[in-house]
Amino acid sequence: MLSADFGNLQSMSEMINSSQADWLHFDVMDGVFVPNISFGFPVLEGVRKHCRKMLDVHIMIVHPEKYIERFAKAGAGMLTFHYETAEDPQQVINLIHVQGIKAGITINPDIPVSVLEPYIKQVDMVLLMTVFAGYGGQQFIEESYQRIDELKSMIDRLNPNCLIEVDGGVNIENAPRLFAHGVNVLVAGSTVFNAPDPKKMIADLKNV
Ligand code: ZN
């Protein structure tokens with residue numbers, strides 16, 4: 001929803017409710033780990049009141065361990081943190097699961113996929129960033145396909161139930177190839193919200 005109209009989040013929620021979207025993806029930025037600042041708990045709580053889909057919260061913040069309980073209470077169903085921000089990623093995963101919600105881990109495009117190996121068995125999802133975290137509307141990094149393949153073989157070996165999500169530059173042209181490489185969850189921001197008919201775009205992305 002980074003590309004949604006923030007002046008009208010209720011109608012955005014209603015559009016998502018009546019669409020084929022499975023989840024609503026929230027990008028939380030702190031102005032420290034990433035240069036941009038987006039939104040936090042009050043916005044999440046506000047959207048939670050109207051949105052019936054699972055809230056998939058991607059936190060681009062330092063010290064993620066400090067805020068997990070608040071994100072869970074504000075309505076997150078999946079909470080994904082950056083490996084780069086965690087002193088002890090295993091501890092963060094445990095804290096998320098203690099809240100009774102799903103845990104995801106993510107890395108920026110310049111971090112080797114292999115750093116995730118110790119955590120694959122413990123997480124419900126890996127989010128592979130296909131742009132650098134921090135802004136909406138960026139162009140998909142083509143080298144991401146090799147990274148997805150590497151991650152997919154690691155997941156097949158260690159935890160086949162773990163989902164693969166990609167975030168950044170997803171559009172109707174690259175969606176079929178992403179699914180073919182084993183991606184389960186596509187995050188689409190500007191592709192959906194800048195489309196003439198966002199609901200149709202969601203349906204098209206899901207049925208490529
Ligand atoms: Zn995101």
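In this predicted model, the secondary structure of the protein chain amounts to eight helices and seven strands. The C-alpha trace of the protein chain extends over about 40 × 35 × 30 Å along its principal axes. For 208 residues, a compact globule would be expected to have a radius of gyration near 17 Å, and the 16 Å found for the protein chain agrees with that expectation. Of these 208 residues, 51% count as buried, and the surface that the protein chain exposes comes to about 9500 Å², of which carbon and sulfur atoms supply 49%. Among the contacts in the protein chain with a separation of 6 or more, 63% are accounted for by residues 24 or more positions apart.

The protein chain holds a zinc ion, whose protein donors are His25 through NE2, Asp27 through OD, His58 through ND1 and Asp167 through OD, at 1.9 to 2.2 Å from the ion. Along the chain, these donors follow the spacing H-x1-D-x30-H-x108-D. Distant parts of the chain are linked by the pair His58 and Asp167, which are 109 residues apart, with His58 in strand β2 (residues 54-60) and Asp167 in strand β6 (residues 163-167). Both of these donors lie in the buried class, since the relative accessible area of His58 is 1% and that of Asp167 is 8%, where buried means under 20%. The angles among the four donor atoms run from 90 to 150°, and the site of the zinc ion is irregular; the site is not classed as tetrahedral because that class requires all angles to lie between 85 and 135 degrees.

The packing of the helices can be followed in α1 and α2. Helix α2, which covers residues 41-50, has Phe41, Leu44 and Val47 as its buried residues. Seen down the axis of α2, these buried residues fall within an arc of 130°, so that they line one face of the helix. This pattern can be set beside the geometry of an α-helix, in which there are 3.6 residues a turn, so residues three or four places apart point the same way. Pro42 and Lys49 are exposed residues carried by the face of α2 that is turned away from its buried side. The partners against which the buried residues of α2 pack are α1 (9-17), β1 (23-29), β2, α3 (68-74) and β3 (76-82). In α1, the buried residues are Leu9, Met12, Ser13, Met15, Ile16 and Asn17, and the elements that cover them include β1, α2, α7 (190-193) and α8 (198-206).

Two loop residues were also examined. Asn108 is placed in the loop between β4 (102-107) and β5 (125-129), and Asn108 counts as buried because its relative accessibility is 8%. When residues up to four places away in sequence are not counted, Asn108 touches Phe33, His82, Glu84, Met129, Val131, Phe132, Ala133 and Arg147. His63, by contrast, is partly exposed, with a relative accessible area of 37%, and lies in the loop between β2 and α3. Although His63 is not a glycine, its phi is positive, at about 50°. Most residues other than glycine have a negative phi.

Key
Residues are numbered from 1 along each chain as its sequence is written. This is a predicted model: local features need pLDDT of at least 70, side-chain atom pairs count only at pLDDT 80 or more; totals for chains, interfaces and linings use all residues. Side-chain values use heavy atoms; hydrogens and water are left out. Donors are N, O and S atoms within 2.8 Å of the metal (3.2 Å for Na, K and Ca); water is not among the atoms, so sites may look incomplete. Four donors count as tetrahedral if all angles lie between 85 and 135 degrees; four count as square planar and six as octahedral if opposite donors are over 155 degrees apart and all others between 65 and 115; anything else is irregular. Helices (H or I, at least four residues) and strands (E, at least two) are DSSP runs, numbered from the N terminus. Buried means under 20% relative accessible area, exposed over 50%, partly exposed in between (1.4 Å probe, protein chains only). The radius of gyration is taken over C-alpha atoms; the globule rule is 2.2 Å times the number of residues to the power 0.38. Contact means heavy atoms within 4.5 Å. Accessible areas come from the Shrake-Rupley method with a 1.4 Å probe; for residues, only the protein chains shown count as cover. The arc is that of the directions from the helix axis to the C-beta atoms.
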